[in-house]
Amino acid sequence: LSTAPAPITFLSDYGLADEYVGVCHGVIARRCPAARVIDITHGIPPQDVRAGAIVLRGALPHMPVGVHLAVVDPGVGTPRAAVALRTEQEGRLLVGPDNGLLMLAAESLGGVAEAVDIGASPERLASRSATFHGRDVFAAVAAALAAGEALARVGEALDPAALVALRLPEACVVDGSIRAHVLHRDGFGNLILDAAPAQLREIGIGDGGGLTIDTAGSQRHRAKYASAFAEVNPGALLVYEDSLGMVAVAVNRGSAAEVLGAARDDELALAPA
Amino acid sequence: LSTAPAPITFLSDYGLADEYVGVCHGVIARRCPAARVIDITHGIPPQDVRAGAIVLRGALPHMPVGVHLAVVDPGVGTPRAAVALRTEQEGRLLVGPDNGLLMLAAESLGGVAEAVDIGASPERLASRSATFHGRDVFAAVAAALAAGEALARVGEALDPAALVALRLPEACVVDGSIRAHVLHRDGFGNLILDAAPAQLREIGIGDGGGLTIDTAGSQRHRAKYASAFAEVNPGALLVYEDSLGMVAVAVNRGSAAEVLGAARDDELALAPA
Amino acid sequence: LSTAPAPITFLSDYGLADEYVGVCHGVIARRCPAARVIDITHGIPPQDVRAGAIVLRGALPHMPVGVHLAVVDPGVGTPRAAVALRTEQEGRLLVGPDNGLLMLAAESLGGVAEAVDIGASPERLASRSATFHGRDVFAAVAAALAAGEALARVGEALDPAALVALRLPEACVVDGSIRAHVLHRDGFGNLILDAAPAQLREIGIGDGGGLTIDTAGSQRHRAKYASAFAEVNPGALLVYEDSLGMVAVAVNRGSAAEVLGAARDDELALAPA
């Protein structure tokens, strides 16, 4: 009696200019030929663990339950652990470095039910290098899990409480204004903030309402709280709840990052206009 | 008695820097796990509906018959309709915004036999946002169709004659010269024109013949009507029938867009040298 | 009695901005619907046959045995042959232009057991153009092979000895220093050299040892022979054995190509510090 393997999703900062992603696909296909692999994205900014964690958390609800491979790993080759874990809710299996990358997704799924250290997994490749654990450790273990291996068989038991956590900055409301930070900019120049839609309501900004956005460089911009880009003119700023449910800033047919001159970690102050 | 799901092809302007394409793949895999998805390209210039329509029309003859998802959607969140349609010939199912994106392909397949408005489709996701209909409407409906749902079940019947058409500029022959326009430039800087190979013959340009190309900026360049890039020297211009059967301009081992300083919609005049 | 088709891997310099890769996938799916296609990469620098050959050779050991389609083809449309071949070891089937692209991989697999010229293959598409043999010849033939067609059925027998070879430059040791060349730079700016790890040992550089790197522009840089990027400070140079087993130069969290001002074919001299 055979079962279809679990689907695998794959997120990384490898980019597509090189063969790194393709080689991981090959490793998976050799270990578990029938596994389907869905590439979430490989365009995470290089070594930006936080961006990877945010994107992974937002994407998983739209992915079939399975094995979720994620590699953004500035510490490859250092003693940071390599881990695989099972989430409390849905029983998703997450595989990647122990640097917080997996933890926002895990927390949004009720936390970690079981974790193993896969740094010396019997599923590792013989070819293992010190620079490409995506191939030699993570993809190999993900494929084994998709093929049905038990978590306890691919690594050494690890206390979930010992996993490296990831803390995001949090926007706060001060004097009727939201002090927010840029968590991530996407490829279109949209800026994802740490503010919650509830905070906008708290300072009195409702659908269609006007805002000011003050940048760290003390420039003031006007924006509209809109639900669709086309509600503002081309070139104009809007604040919106993005497709992951986070507050974001965009420019219709343009780049908010360019218009605001803002980048990752910059502070923005939002207030009613 | 089960049948394999129809293959899905997917074209968009989402790019691959972000998770947007991957999330659509996830949505499809959740609704129709066995569907195969072929990415035609996600590199359509942002919001360039015409480029998307031209590429889709050219690619479909090389795609298996199935469900053809296409999203280039500057009007997302506005009242533009979301549609699914069946082509007269081959019975291909096309899914996307009602902005002309699907219509060149549909016309090349004998027109539209049946169309439905899927803006309120029962197949939409509950997560629906105003900015990401690719995920919430189009991918979800495409997956349902691939799984075998009837067109009439995924939306409200729509008069095919009411669909938004797309008109391309048309080159014309004036005084022995072709006044053509740049419809699209590809990633290598090749310029796809609205001229037909028959128009080249009409003004007396045969295989291997010499041409002049006058740009809007009144510069004159010399080119050769060739069938392969390597028929001209590196850096030299050639005019050729591209792999989609359209007249195009290229530079061997270079970029025609750069050499001619020409972009989308620019007029070029082609004449025998 | 049906067998699953062989997996197909696909490497090219087509990039992902256009539909070229997607159209090849479509051609494959039409001929062999059940074939799985693994994209190794489509980011080979345009027309850089040598870079394609190096990446293909390095990637194949991690790919399942099957049909290996590779297209980097500056001579498309010229009389260069189009070929399919079977390797002595593992019986992998390689498909691509006869310009050396396939030959490093073939040599690393014991050489070519059988080769055919597919330029007039009965499997070619009727649509054939002079500019897109990837679609019309190579993808079509690869799909036929994956579907189980014999090599002898898809082309005319060819003497393996007549295939175009590819010779790489070779680093040499002179006066205790390695004169190496940049074979390829990857998307992160890492420089892959023609030097062998054994040559580093020959001049007395061991793990963790210091080196000098002299560029063609007579600049001297200091580096460390390390096994992981994180063994040197951000911004610092390291020399390492890369994941393909080749000697490479990198900058931790930076670009060696930029720091050294070095590009493909440049000479670098490595010596103990």
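Okay, polar contacts between chain A and chain C: there are 13 residue pairs of that kind across this interface, counting pairs with both residues at pLDDT 80 or more. That cut-off is there because what we have on screen is a predicted model. Salt bridges are another story, since the rule finds zero of them between chain A and chain C.

So who is doing the touching on the chain A side? Helix α1 of chain A, residues 20-31, gives the largest share, with eight residues. Sorted by class, that side of chain A has 18 nonpolar residues, nine polar ones and five charged ones.

Let's put some totals on this. In contact here are 32 residues of chain A and 27 residues of chain C. The two chains bury about 2200 Å² between them, and carbon and sulfur atoms give 56% of that. If you want three residues to click on, take Glu19(A), Arg30(A) and Thr131(A): they supply 24% of the area chain A buries against chain C, more than any other three residues.

Now swing over to chain B and chain C. Here 27 residues of chain B are in contact with 32 residues of chain C. The buried area is about 2200 Å², with 56% from carbon and sulfur atoms. In chain B, the residues that lose the most area to chain C are Arg36(B), His62(B) and Ser243(B), and together they make up 29% of what that side buries.

How many salt bridges are there between chain B and chain C? The count is zero. Polar contacts do turn up across that interface, in 13 residue pairs, again with both residues at pLDDT 80 or more. Looking at which elements of chain B are involved, β2 (37-41) and α2 (49-59) each supply at least two residues of the side that touches chain C. The largest share comes from β2(B), with four residues. By class, this side of chain B splits into 15 nonpolar, seven polar and five charged residues.

Last stop, the inside. The largest nonpolar core has 62 residues, and the ones with the most contacts inside it are Leu85(B), Leu69(C), Val95(C), Ile118(C) and Leu145(C). Helix α4 of chain C, residues 133-146, brings the largest share of this core, ten residues.

Let's zoom in on one of those, Val95(C). What does Val95(C) touch, leaving out residues up to four places away in sequence? Its partners include Leu69(C), Ile118(C) and Leu145(C). Also among them are Val67(C), His68(C), Val83(C), Leu102(C), Phe138(C) and Val141(C).

Methods
Residues are numbered from 1 along each chain as its sequence is written. Chains are lettered from A and ligands numbered from 1 in the order in which they are written. This is a predicted model: local features need pLDDT of at least 70, side-chain atom pairs count only at pLDDT 80 or more; totals for chains, interfaces and linings use all residues. Side-chain values use heavy atoms; hydrogens and water are left out. Contact means heavy atoms within 4.5 Å. Buried area is the accessible area (1.4 Å probe) that two parts lose on being put together, summed over both. A salt bridge is a side-chain nitrogen of Lys or Arg within 4 Å of a carboxyl oxygen of Asp or Glu. A polar contact is a pair of N or O atoms within 3.5 Å; within protein, one must be able to donate a hydrogen and the other to accept it, and residues adjacent in sequence count only if both atoms are side-chain atoms. Ala, Val, Leu, Ile, Met, Phe, Trp, Tyr, Cys and Pro count as nonpolar, Asp, Glu, Lys and Arg as charged, and the others, Gly among them, as polar. A nonpolar core is a set of buried Ala, Val, Leu, Ile, Met, Phe, Trp, Tyr and Cys residues joined through side-chain atoms within 4.5 Å. Buried means under 20% relative accessible area, exposed over 50%, partly exposed in between (1.4 Å probe, protein chains only).
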